[in-house]
Amino acid sequence: MKKVYLDNSATTRVSQEVLDAMLPFFTETYGNPSSLHTMGQEASAAVQKAREQVARAIGADAEEIIFTSCGTEADNLALVGTAYANRKKGNHIITSSIEHPAILRTCEFLEKEGFRVTYLPVDRYGMVSPADVEAAIRPETTLISVMAVNNEIGTIQPVREIGRIAKEHNVYFHTDAVQAVGKVPINVKKDDIDMLSLSGHKIHAPKGVGALYVKKGTRIQALIHGGGQERNMKSGTENVPGIVGLGQACEAAIRDFDKNTAHMKRLRDKLIEGLLKIDRVRLNGHPTIRSPNNVNVSFSFIEGESLVLFLDMAGIEASTGSACSSKNLKASHVLLACGLPPEEAHGSLRLTNCAFNTEDEIDYVLETLPGIVDRLRAMSPLYKEAARTTT
């Protein structure tokens, strides 16, 4: 049976280039970067090289990169660390209603700690309005956090406009760029970004490593205390192989950016064109201002979970949305925020490609999926009733 992996927004395979860069740091150069001997200093130099590679990918300086265990930790450090460090100035945070749970659950925690959070609405495409951001700013606002690319529907947010507004009002701006790095252009200086989160396993590096960019001069306090690694911002012995892998993945993402994004966009558009030929299907997210690898569609009268299971039996691996929420049978908070009724939101399917996917694989999906949709709808009395009333 043919196997097609189209869940690259959940996680990606480790590329051979990244794996080759990592391997020596498991069995050969395995020293602790804090050690003074030769092997320790070689490990330290490898961490520094990776820091420079990550920084180049987002237009930052190397000393502004803090390595973390994942994107979620980076988000927590950005939000909680900044909120606590600036509490004397104010206690108000602005975010959007369609953020990743790593942001939303952290904001809920901060609300219990006495902070106030404004959750901005989005339009039907999942786009945040810069005017809404500006209107929500108060004298006590210390932080704005809006993701660069939505992990479920792929909509690209107006990060540069929001960054400019934040700068004009002397408010810190953080963006969760986990789904953006390597897919859309990001430059923290041109975009007036004060903090940016990214994750290794979304760009063909391993799980268990991420990074937070923190602009020089940003007031932020550590959440983890200990030996003082990462400029006292993330104590604990560094995950050297993972950090090396993240650095190599960032270098490859920027080196091959034009080629990879053109390939992903071509596969995305072919998939969208084919899927929209199916009866009673809608594209979720912005039709053009979206990640080059993201396709999110809703099928009327079908449960997304059933669709994913039937696709899996055909060798096609996909999802209904965020992998962090895949065991939660509630309708997507992102799709509900975009105005979809719950029954439509429950019928969503997310297909996300990468540079390793092929046109043959997309053809297989387009050959296979319509039959699965027909089979599932044949089981639905609601679909039968709707079909009768329209004929």
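Where does R290 lie? Select it and you land in the loop between β9 (281-283) and β10 (294-299). Keep in mind as you look around that this is a predicted model.

**Stop one: R290**

Stay on R290 and show its side chain. This arginine is buried, yet it has no salt bridge. Want to see the nearest side chain of opposite charge? Pick D269, which is 7.1 Å away.

So what does the side chain of R290 reach? Show the backbone of N284: its oxygen is at 3.0 Å from the R290 side chain. Next, add the side chain of N294, which makes a polar contact with the side chain of R290 at 2.8 Å.

Now bring up the surroundings. Leaving aside neighbours within four places in sequence, R290 is in contact with a list of residues that includes I153, G154, T155 and I156, along with R268 and L283. G285, V295 and N296 are also among its contacts.

**Stop two: Y84 and F115**

Time for some rings. The structure holds one aromatic pair. Select Y84 and F115: their ring centres are 6.0 Å apart and their planes sit at 35°, so the pair is tilted. Colour by secondary structure and you'll find Y84 in helix α4 (residues 71-85), while F115 is in the loop between α5 (101-112) and β4 (116-120). The two are 31 residues apart, so this pair links distant parts of the chain.

Buried or exposed: which is F115? Turn on the surface: F115 is buried, with a relative accessible area of 3%. Y84 is partly exposed, at 24%.

**Last stop: R13 and F356**

Finally, select R13 together with F356. R13 lies over the face of the F356 ring, at 4.1 Å from the ring centre.

Technical notes: Residues are numbered from 1 along each chain as its sequence is written. This is a predicted model: local features need pLDDT of at least 70, side-chain atom pairs count only at pLDDT 80 or more; totals for chains, interfaces and linings use all residues. Side-chain values use heavy atoms; hydrogens and water are left out. Helices (H or I, at least four residues) and strands (E, at least two) are DSSP runs, numbered from the N terminus. Buried means under 20% relative accessible area, exposed over 50%, partly exposed in between (1.4 Å probe, protein chains only). Lys and Arg count as positive and Asp and Glu as negative; His and the chain ends are not counted. A salt bridge is a side-chain nitrogen of Lys or Arg within 4 Å of a carboxyl oxygen of Asp or Glu. A polar contact is a pair of N or O atoms within 3.5 Å; within protein, one must be able to donate a hydrogen and the other to accept it, and residues adjacent in sequence count only if both atoms are side-chain atoms. Contact means heavy atoms within 4.5 Å. Rings of Phe, Tyr and Trp (its six-membered ring) pair if their centres lie within 6.5 Å; planes under 30 degrees apart count as stacked, over 60 as edge-to-face and the rest as tilted. A charge sits over a ring if NZ of Lys or CZ of Arg is within 6 Å of the ring centre and within 35 degrees of the ring normal.
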